[in-house]
Amino acid sequence: MNSKKKFLFLPVEFKHREFLSKLLLASFASKAGFRVYVGSTNTISRVLNLKKYKGGIFFYKGGVDLDTLLKIKKKFDYFVILDEELGTEKKLYAKVAKRRIWPNTEKYTDRYFVIGKHGYEVSRDIFPEMKNSVRCTGWPRVDLWRKENEFLFKDKTESISKRYGKYVLFVSDFGYNSEKIINDRLEGIKNSNWKSLKNELSIRKKFSDNTFKEYNQFLKILKNYDRMKNCPLIIIRPHPAEDIDAWFDFSKELTNIKVIYEGEITPWINASSGILHRGCTSAIQAHMQGLPVGYFVAEKSNKQEGTPHSISQHLFTIDDLFQFCKRAISNNNKRNLITYHDEFKKMIYIENDKLASELIVEDLLKLQTIHEPSYQTNSKDLMIDILLNIKSNIKKLSKHFLKNKQKIGITPEAVKIPNGITKHETEDFLNKLDLNQRFKVKQIFKDCIEIEI
């Protein structure tokens, strides 16, 4: 019998960063009576087309243009946002948050979930039309970093430790780490529908050039570090939005520095002896694990403020870098007693009794929407999947041949959604979450799955 339930759609743009947190949220939502669909952002148009009724909740990671939002609202009762790109930016929080919401779309946004109290206060001030829709819940992604959820990554963490032994993890988020990707991003701004973004072209150009210089300076430091006697292993984890090939090309010259882009980041942090970063949320994740956290302060760095900077040990020289890595390795089994930094508590909301995922679902339940039947796959969908697989293979071949053209920057779907979004992987994670709960998982079409109880 195809029972009717509330419809919740959770799009995923970058699998390594977003997928597991969406599954955690989906687990609580399905227990609360939702039928949840988790799909790549490429499946959004197919999901909109398959819906026969207006109803349900579209849960997105940021704002969309007005035309797209109106199309979504034709098929969904509610459009809600949890902006996974904002992080814990403090000084520029208002500016960055404002830039990520399209003009004239505030009144169509029914919920705006934020990571902490600072984000809550700022958001209510800068978005007057959705002031009453802002909720301070924390993030499902942060839920995964809590000590009580370490068990979810135990097997993978142990596997990494066996393969690489003791190491320090550098989590990159330069973003602009090749001429290819700079050209690609600037071209995207030129062609953007966002007038405010186009007006910032010269600012973005200057920022990208400065960041690229900082990146190249850091490469020189790493090369010198690699030559030092008895230097501990550093594993570099590229950001999913970077030119990952540029990192791999760089690492070919080195002995004690490896570049690895594999799976979700959490087990790589948990298996490490310490974290190096330049201002990203991995610093917060490591802080929650009681790991030493180091921030290499490059000259004229673009990122020397914010929570990740505040909770870190600041490294200024190559000797500082070497000593930090040595101490981290030698104290590998002596993780710090976790006492959250004051800055951490200002920026990140954590309720000890409940996860952010629970708080979000409790709030979503207050939104009244119709119940809908499950989507039934047909022959047309199967034919589309076959064509999409052919298209994907053609793209892979194209990337291979275009890779060396200096004016082309490529962020392929294989980097955003490696190995796709599948029933098997979903079931594996949900079974780890709750062995006593029988989740029903169905592959709807390529990179889109359905979850219910």
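**Exercise 1. Find the strand that holds glutamate 450, then work out whether this residue is buried or exposed.**

Step 1: Glutamate 450 belongs to strand β14, residues 448-452. Helices (H or I, at least four residues) and strands (E, at least two) are DSSP runs, numbered from the N terminus.

Step 2: Keep in mind that this is a predicted model, in which local features need pLDDT of at least 70, side-chain atom pairs count only at pLDDT 80 or more, and totals for chains, interfaces and linings use all residues. Residues are numbered from 1 along each chain as its sequence is written, and side-chain values use heavy atoms, with hydrogens and water left out.

Step 3: Buried means under 20% relative accessible area, exposed over 50%, and partly exposed in between (1.4 Å probe, protein chains only). Glutamate 450 has 3% relative accessibility, so it counts as buried.

**Exercise 2. Which residues surround glutamate 450?**

Step 1: Use the contact rule, heavy atoms within 4.5 Å. Leaving aside neighbours within four places in sequence, glutamate 450 touches residues including Arg35, Tyr37, Ser374 and Lys442.

Step 2: Look at the side chains. Those of glutamate 450 and tyrosine 37 make a polar contact at 2.7 Å. Such a contact is a pair of N or O atoms within 3.5 Å; within protein, one must be able to donate a hydrogen and the other to accept it, and residues adjacent in sequence count only if both atoms are side-chain atoms.

**Exercise 3. Place β14 in its sheet.**

Step 1: Strands of a sheet pair through backbone hydrogen bonds, either parallel or antiparallel. Here, two strands pair if DSSP finds at least two bridges between them.

Step 2: Read off the order, β6-β5-β4-β3-β1-β2-β14-β13, an open sheet of eight strands with mixed pairing. β6 (134-136) and β13 (440-445) each have a single partner strand, so one side of each is left without a neighbour in the sheet.

Step 3: Zoom in on one pair. β2 (residues 34-40) and β14 run antiparallel and are joined by four bridges; valine 38 has isoleucine 449 in β14 as its bridge partner.

Step 4: Add a helix. α5 (residues 117-126) packs on the sheet and touches β5 (111-114) and β6, making about 165 degrees with the direction of β6. Axes are lines fitted to C-alpha atoms, for helices over the stretch in contact, and angles run from 0 to 180 degrees between N-to-C directions.

**Exercise 4. Describe the sheet that contains β7.**

Step 1: Six strands form this open sheet, ordered β9-β8-β7-β10-β11-β12, with parallel pairing. The edge strands are β9 (257-259) and β12 (313-315).

Step 2: β7 (residues 168-171) and β10 (residues 274-277) share four bridges, and leucine 169 stands opposite isoleucine 275.

Step 3: Helix α10 (residues 201-227) lies across β7, β8 (234-237), β9 and β11 (293-296), at about 130 degrees to β9.

**Exercise 5. How many residues does the largest nonpolar core have?**

Step 1: A nonpolar core is a set of buried Ala, Val, Leu, Ile, Met, Phe, Trp, Tyr and Cys residues joined through side-chain atoms within 4.5 Å. The largest has 62 residues, and Val38 and Ile451 are among those with the most contacts inside it.

Step 2: Helix α1 (residues 15-31) gives the most to this core, seven residues. Another core, of 32 residues, lies apart from it and includes Phe218 and Ile257.

Step 3: Finish with the whole chain: 54% of its 453 residues count as buried, and its secondary structure comes to 20 helices and 14 strands.
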